[in-house]
Amino acid sequence: MAPPKAILFDVGGVVVLSPFQAILDYEIENRIPLGYINHAIQRGPPDTGAWQLIERGAQPLDDAWFAAFQAQLSQPDVWRAYWVRWSARGGGHADTGTTSALGDHVPPVPDVAAKTLFWRMMRYSRRPDPCMYPALKRLREEGRGKWIVGALSNTVHFPTGILDDEGVVFDKSILFPEMPEYEGDSTDVADWFDIYLSSAHIGVRKPDPEAYRLSVRELSRVAEAKGLGKVEPGDVLFLDDIGVNLKFAREVGLRTIKVDLGGTREAVGMLEREVGVKLVEGRSRL
(Lines give C-alpha, C1' and ligand atoms only; values in the text may rest on other atoms or scores of the structure.)
Protein backbone atom coordinates (compact mmCIF):
# COMPACT_ATOMS: atom_id res chain seq x y z
CA MET A 1 0.00 0.00 0.00
CA ALA A 2 1.25 3.48 -0.86
CA PRO A 3 2.26 5.79 2.00
CA PRO A 4 -0.52 8.12 3.17
CA LYS A 5 -0.81 11.64 1.79
CA ALA A 6 -2.12 12.86 5.14
CA ILE A 7 -1.71 11.69 8.73
CA LEU A 8 -4.54 12.71 11.06
CA PHE A 9 -4.01 12.54 14.81
CA ASP A 10 -6.30 12.49 17.76
CA VAL A 11 -4.69 14.55 20.55
CA GLY A 12 -5.62 13.31 24.04
CA GLY A 13 -4.28 9.80 24.54
CA VAL A 14 -2.22 9.96 21.37
CA VAL A 15 -0.02 13.06 21.22
CA VAL A 16 -0.55 14.18 24.83
CA LEU A 17 -1.11 12.03 27.89
CA SER A 18 -4.48 10.35 28.05
CA PRO A 19 -7.29 11.80 30.16
CA PHE A 20 -8.46 8.18 30.40
CA GLN A 21 -5.50 7.59 32.71
CA ALA A 22 -6.81 10.31 35.00
CA ILE A 23 -10.22 8.59 34.96
CA LEU A 24 -8.62 5.23 35.73
CA ASP A 25 -6.64 6.73 38.62
CA TYR A 26 -9.82 8.30 40.01
CA GLU A 27 -11.71 5.00 39.80
CA ILE A 28 -8.93 3.13 41.60
CA GLU A 29 -8.69 5.76 44.33
CA ASN A 30 -12.45 5.74 44.90
CA ARG A 31 -13.06 1.99 44.46
CA ILE A 32 -15.32 2.45 41.45
CA PRO A 33 -15.57 -0.41 38.94
CA LEU A 34 -12.89 0.20 36.36
CA GLY A 35 -14.37 1.57 33.16
CA TYR A 36 -17.68 2.72 34.66
CA ILE A 37 -17.03 6.45 34.27
CA ASN A 38 -16.06 6.19 30.62
CA HIS A 39 -19.08 3.92 30.06
CA ALA A 40 -21.37 6.52 31.61
CA ILE A 41 -19.84 9.24 29.44
CA GLN A 42 -20.24 7.21 26.27
CA ARG A 43 -23.83 6.29 27.15
CA GLY A 44 -24.83 9.95 27.13
CA PRO A 45 -27.30 10.50 24.29
CA PRO A 46 -25.45 11.86 21.22
CA ASP A 47 -27.72 14.90 21.00
CA THR A 48 -28.29 15.71 24.68
CA GLY A 49 -25.54 14.10 26.80
CA ALA A 50 -23.60 16.67 28.81
CA TRP A 51 -20.21 15.42 27.60
CA GLN A 52 -21.44 15.23 24.02
CA LEU A 53 -22.79 18.80 24.15
CA ILE A 54 -19.63 20.33 25.61
CA GLU A 55 -17.45 18.65 22.98
CA ARG A 56 -19.65 20.04 20.20
CA GLY A 57 -19.46 23.54 21.66
CA ALA A 58 -23.23 23.44 22.14
CA GLN A 59 -23.16 24.31 25.85
CA PRO A 60 -20.83 26.63 27.79
CA LEU A 61 -18.48 25.30 30.45
CA ASP A 62 -20.25 26.66 33.53
CA ASP A 63 -21.98 25.50 36.71
CA ALA A 64 -25.06 24.37 34.79
CA TRP A 65 -22.92 22.14 32.62
CA PHE A 66 -21.09 20.64 35.61
CA ALA A 67 -24.48 19.82 37.16
CA ALA A 68 -25.53 18.12 33.92
CA PHE A 69 -22.25 16.19 33.80
CA GLN A 70 -22.79 15.08 37.40
CA ALA A 71 -26.22 13.80 36.41
CA GLN A 72 -24.78 11.97 33.39
CA LEU A 73 -22.44 10.06 35.69
CA SER A 74 -25.23 9.22 38.12
CA GLN A 75 -27.92 7.53 36.01
CA PRO A 76 -29.28 4.51 37.94
CA ASP A 77 -30.15 2.50 34.83
CA VAL A 78 -26.69 3.02 33.32
CA TRP A 79 -25.04 2.09 36.62
CA ARG A 80 -27.20 -0.99 37.12
CA ALA A 81 -26.45 -2.33 33.63
CA TYR A 82 -22.74 -1.76 34.11
CA TRP A 83 -22.66 -3.28 37.61
CA VAL A 84 -24.46 -6.44 36.53
CA ARG A 85 -22.04 -6.93 33.68
CA TRP A 86 -19.02 -6.05 35.81
CA SER A 87 -19.92 -8.30 38.73
CA ALA A 88 -20.65 -11.20 36.35
CA ARG A 89 -17.02 -10.96 35.27
CA GLY A 90 -15.90 -11.13 38.90
CA GLY A 91 -15.15 -7.42 39.18
CA GLY A 92 -14.91 -5.33 42.33
CA HIS A 93 -13.89 -1.88 43.51
CA ALA A 94 -17.25 -0.61 44.68
CA ASP A 95 -18.99 0.24 47.92
CA THR A 96 -21.11 -2.85 48.42
CA GLY A 97 -22.03 -2.09 52.01
CA THR A 98 -25.67 -1.22 51.33
CA THR A 99 -28.25 -2.02 48.72
CA SER A 100 -30.30 0.48 46.76
CA ALA A 101 -33.66 0.69 45.06
CA LEU A 102 -31.96 -0.70 41.98
CA GLY A 103 -31.99 -4.20 43.41
CA ASP A 104 -30.77 -6.28 46.35
CA HIS A 105 -27.42 -7.06 44.77
CA VAL A 106 -26.69 -3.69 43.20
CA PRO A 107 -24.81 -1.14 45.33
CA PRO A 108 -25.64 2.56 45.17
CA VAL A 109 -24.53 4.57 42.16
CA PRO A 110 -20.93 5.68 42.78
CA ASP A 111 -20.62 9.22 44.06
CA VAL A 112 -18.38 10.75 41.40
CA ALA A 113 -17.22 14.31 42.04
CA ALA A 114 -17.75 15.40 38.44
CA LYS A 115 -16.03 18.77 38.67
CA THR A 116 -12.97 17.35 40.43
CA LEU A 117 -12.75 14.53 37.89
CA PHE A 118 -13.09 16.89 34.92
CA TRP A 119 -10.30 19.20 36.02
CA ARG A 120 -8.01 16.31 36.86
CA MET A 121 -8.53 15.06 33.30
CA MET A 122 -7.75 18.47 31.85
CA ARG A 123 -4.61 18.99 33.93
CA TYR A 124 -3.29 15.50 33.25
CA SER A 125 -3.51 15.90 29.49
CA ARG A 126 -1.39 19.06 29.40
CA ARG A 127 1.79 17.00 29.00
CA PRO A 128 3.07 15.56 25.70
CA ASP A 129 3.35 11.83 25.30
CA PRO A 130 7.08 11.06 25.61
CA CYS A 131 7.08 8.68 22.65
CA MET A 132 4.48 10.07 20.25
CA TYR A 133 5.44 13.74 20.53
CA PRO A 134 9.03 13.24 19.27
CA ALA A 135 7.63 11.01 16.53
CA LEU A 136 5.20 13.76 15.51
CA LYS A 137 8.00 16.31 15.28
CA ARG A 138 10.08 13.95 13.14
CA LEU A 139 7.05 13.16 10.99
CA ARG A 140 6.59 16.83 10.15
CA GLU A 141 10.27 17.31 9.43
CA GLU A 142 10.45 14.27 7.15
CA GLY A 143 7.11 14.95 5.52
CA ARG A 144 7.76 18.33 3.93
CA GLY A 145 6.62 18.00 0.36
CA LYS A 146 5.31 14.47 1.00
CA TRP A 147 2.33 14.57 3.35
CA ILE A 148 0.11 16.78 5.48
CA VAL A 149 -0.10 16.34 9.26
CA GLY A 150 -3.39 17.27 10.89
CA ALA A 151 -5.36 16.79 14.10
CA LEU A 152 -9.01 16.01 14.77
CA SER A 153 -9.70 16.27 18.47
CA ASN A 154 -12.82 16.14 20.61
CA THR A 155 -12.27 19.22 22.72
CA VAL A 156 -13.72 21.67 25.23
CA HIS A 157 -13.85 25.43 24.81
CA PHE A 158 -12.47 27.07 27.96
CA PRO A 159 -13.88 30.53 28.75
CA THR A 160 -11.23 33.14 29.43
CA GLY A 161 -10.36 33.24 33.12
CA ILE A 162 -12.26 30.10 34.10
CA LEU A 163 -11.30 28.73 37.52
CA ASP A 164 -10.62 25.05 38.08
CA ASP A 165 -11.78 23.04 41.09
CA GLU A 166 -8.87 24.41 43.12
CA GLY A 167 -9.81 28.02 42.39
CA VAL A 168 -6.88 28.53 39.99
CA VAL A 169 -7.29 30.10 36.55
CA PHE A 170 -6.97 27.21 34.13
CA ASP A 171 -4.21 27.41 31.55
CA LYS A 172 -4.48 24.86 28.75
CA SER A 173 -0.92 25.47 27.55
CA ILE A 174 1.21 22.36 27.17
CA LEU A 175 3.84 21.68 29.83
CA PHE A 176 7.22 20.01 29.27
CA PRO A 177 8.32 19.20 32.84
CA GLU A 178 9.89 15.84 31.96
CA MET A 179 11.08 16.80 28.47
CA PRO A 180 13.44 19.76 28.96
CA GLU A 181 14.85 19.39 25.45
CA TYR A 182 11.49 20.57 24.09
CA GLU A 183 10.93 23.51 26.43
CA GLY A 184 11.38 25.96 23.56
CA ASP A 185 8.59 24.33 21.56
CA SER A 186 5.17 25.90 21.19
CA THR A 187 2.85 25.28 24.12
CA ASP A 188 -0.17 25.65 21.81
CA VAL A 189 -1.05 22.19 20.52
CA ALA A 190 -2.58 23.67 17.35
CA ASP A 191 0.89 24.81 16.27
CA TRP A 192 2.07 21.20 16.07
CA PHE A 193 -0.01 20.50 12.95
CA ASP A 194 -0.58 21.81 9.44
CA ILE A 195 -4.27 21.93 10.33
CA TYR A 196 -6.02 21.52 13.69
CA LEU A 197 -9.72 20.70 13.91
CA SER A 198 -11.31 21.17 17.32
CA SER A 199 -14.77 19.64 17.80
CA ALA A 200 -15.91 22.42 20.13
CA HIS A 201 -15.12 24.98 17.42
CA ILE A 202 -16.32 23.15 14.30
CA GLY A 203 -19.53 21.94 15.96
CA VAL A 204 -19.14 18.24 15.18
CA ARG A 205 -17.40 15.53 17.22
CA LYS A 206 -16.10 12.05 16.66
CA PRO A 207 -17.49 9.51 15.92
CA ASP A 208 -19.95 11.46 13.75
CA PRO A 209 -18.99 10.53 10.16
CA GLU A 210 -19.24 14.19 9.19
CA ALA A 211 -16.21 14.90 11.40
CA TYR A 212 -14.11 12.63 9.20
CA ARG A 213 -15.54 13.91 5.93
CA LEU A 214 -14.82 17.47 7.05
CA SER A 215 -11.28 16.46 8.02
CA VAL A 216 -10.63 14.96 4.59
CA ARG A 217 -11.90 18.11 2.88
CA GLU A 218 -9.70 20.33 5.04
CA LEU A 219 -6.63 18.12 4.66
CA SER A 220 -7.18 18.16 0.89
CA ARG A 221 -7.50 21.94 0.88
CA VAL A 222 -4.17 22.32 2.69
CA ALA A 223 -2.49 19.67 0.55
CA GLU A 224 -3.61 21.30 -2.70
CA ALA A 225 -2.42 24.70 -1.46
CA LYS A 226 1.00 23.13 -0.85
CA GLY A 227 1.05 21.56 -4.29
CA LEU A 228 0.58 18.01 -3.01
CA GLY A 229 -2.63 17.33 -4.87
CA LYS A 230 -6.08 16.24 -3.76
CA VAL A 231 -6.53 14.02 -0.70
CA GLU A 232 -9.17 11.29 -0.74
CA PRO A 233 -10.36 9.33 2.33
CA GLY A 234 -8.15 6.36 1.50
CA ASP A 235 -5.11 8.67 1.48
CA VAL A 236 -5.61 9.54 5.17
CA LEU A 237 -4.09 7.57 8.05
CA PHE A 238 -5.93 8.29 11.31
CA LEU A 239 -4.62 7.57 14.82
CA ASP A 240 -7.02 7.47 17.77
CA ASP A 241 -7.31 5.75 21.14
CA ILE A 242 -11.07 5.04 21.00
CA GLY A 243 -12.32 2.05 19.08
CA VAL A 244 -15.68 3.50 18.02
CA ASN A 245 -13.93 6.58 16.61
CA LEU A 246 -11.75 4.33 14.46
CA LYS A 247 -14.73 2.22 13.41
CA PHE A 248 -16.61 5.16 11.93
CA ALA A 249 -13.42 6.56 10.40
CA ARG A 250 -12.94 3.28 8.53
CA GLU A 251 -16.54 3.38 7.35
CA VAL A 252 -15.80 6.77 5.77
CA GLY A 253 -12.74 5.20 4.11
CA LEU A 254 -9.81 6.30 6.29
CA ARG A 255 -6.95 3.99 7.21
CA THR A 256 -6.50 3.66 10.98
CA ILE A 257 -4.12 2.87 13.82
CA LYS A 258 -5.41 2.08 17.32
CA VAL A 259 -3.40 3.71 20.10
CA ASP A 260 -3.94 1.72 23.28
CA LEU A 261 -3.61 3.26 26.73
CA GLY A 262 0.11 3.02 27.51
CA GLY A 263 0.77 1.78 23.98
CA THR A 264 2.09 4.79 22.11
CA ARG A 265 5.45 3.11 21.51
CA GLU A 266 3.73 0.30 19.62
CA ALA A 267 1.60 2.81 17.72
CA VAL A 268 4.70 4.72 16.66
CA GLY A 269 6.09 1.48 15.28
CA MET A 270 2.95 0.97 13.20
CA LEU A 271 3.12 4.58 12.02
CA GLU A 272 6.75 4.12 10.96
CA ARG A 273 5.79 1.13 8.85
CA GLU A 274 2.99 3.07 7.17
CA VAL A 275 5.12 6.09 6.23
CA GLY A 276 8.40 4.24 5.68
CA VAL A 277 10.39 6.56 7.93
CA LYS A 278 12.14 5.95 11.26
CA LEU A 279 10.52 8.39 13.65
CA VAL A 280 12.04 7.60 17.05
CA GLU A 281 15.66 6.66 17.60
CA GLY A 282 16.45 4.24 20.43
CA ARG A 283 14.07 3.70 23.31
CA SER A 284 11.44 6.14 24.55
CA ARG A 285 11.07 7.19 28.16
CA LEU A 286 7.96 5.03 28.56
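**Group meeting talk: strands, helices and loops of a predicted model**

Let me begin with strand β2, where six of the six residues are buried, so this strand is largely enclosed by the rest of the structure. Buried here means under 20% relative accessible area, while exposed means over 50% and partly exposed lies in between, all with a 1.4 Å probe and with protein chains only. The words helix and strand refer to DSSP runs, numbered from the N terminus, with H or I over at least four residues for a helix and E over at least two for a strand.

Before going on, I should say that this is a predicted model, in which local features need pLDDT of at least 70 and side-chain atom pairs count only at pLDDT 80 or more, whereas totals for chains, interfaces and linings use all residues. Residues are numbered from 1 along each chain as its sequence is written, and side-chain values use heavy atoms, with hydrogens and water left out.

Now, back to β2, residues 148-153. On one side we find I148, G150 and L152, and on the other V149, A151 and S153, and every one of these is buried, which leaves both faces of the strand covered. In a regular strand, as a general point, the side chains alternate between the two faces of the sheet.

Which strands does β2 pair with? With β1, residues 6-9, the pairing is parallel and runs over four bridges, and with β3, residues 195-198, there are again four bridges in the parallel sense. Pairing, in this talk, requires that DSSP finds at least two bridges between the two strands. To give you individual positions to look at, A151 of β2 stands opposite F9, and S153 has S198 of β3 as its bridge partner.

Strand β1 also runs parallel to β4, residues 236-240, and is joined to that strand by four bridges, with L8 partnered by F238. The side chains of β1 are buried in both directions, since A6 and L8 point one way and I7 and F9 the other.

Helix α7, residues 132-142, belongs in this part of the talk as well, with M132, Y133, P134, A135, L136 and L139 as its buried residues. Those residues pack against β1, β2, β4 and the helix α11, residues 264-275, where a contact means heavy atoms within 4.5 Å.

Next, please turn to helix α5, residues 76-88, whose 13 residues should span 18 Å at 1.5 Å a residue, and whose end C-alpha atoms are indeed 18 Å apart, which agrees. The expected span is 1.5 Å times one less than the number of residues. Which residues of α5 are buried? They are V78, W79, Y82, W83 and W86. Seen down the axis of α5, these buried residues fall within an arc of 125°, so they line one face of the helix; the arc is that of the directions from the helix axis to the C-beta atoms. They pack against α2, residues 36-42, whereas D77 and A88, on the other side of α5, are exposed. Just after this helix, G90 takes a positive phi of about 85°.

A few single residues also deserve a look. In the loop between α1 and α2 sits R31, which has a positive phi of about 50° although it is not a glycine, and which counts as partly exposed at 48% relative accessibility. In the loop between α8 and α9 we meet P207, and the peptide bond from K206 to P207 is cis, with omega near 10°. Within α9, residues 209-225, lies R217, partly exposed with a relative accessible area of 45%; R217 and V231 are 14 residues apart in sequence and 7.6 Å apart in space, C-alpha to C-alpha.

Finally, the whole chain, which has eleven helices and five strands. Its radius of gyration is 20 Å, close to the 19 Å that the globule rule gives for 286 residues, so the chain is as compact as a globular protein of that length. The radius is taken over C-alpha atoms, and the rule is 2.2 Å times the number of residues to the power 0.38. Of the 286 residues, 48% count as buried, and residues 24 or more positions apart account for 69% of the contacts with a separation of 6 or more.
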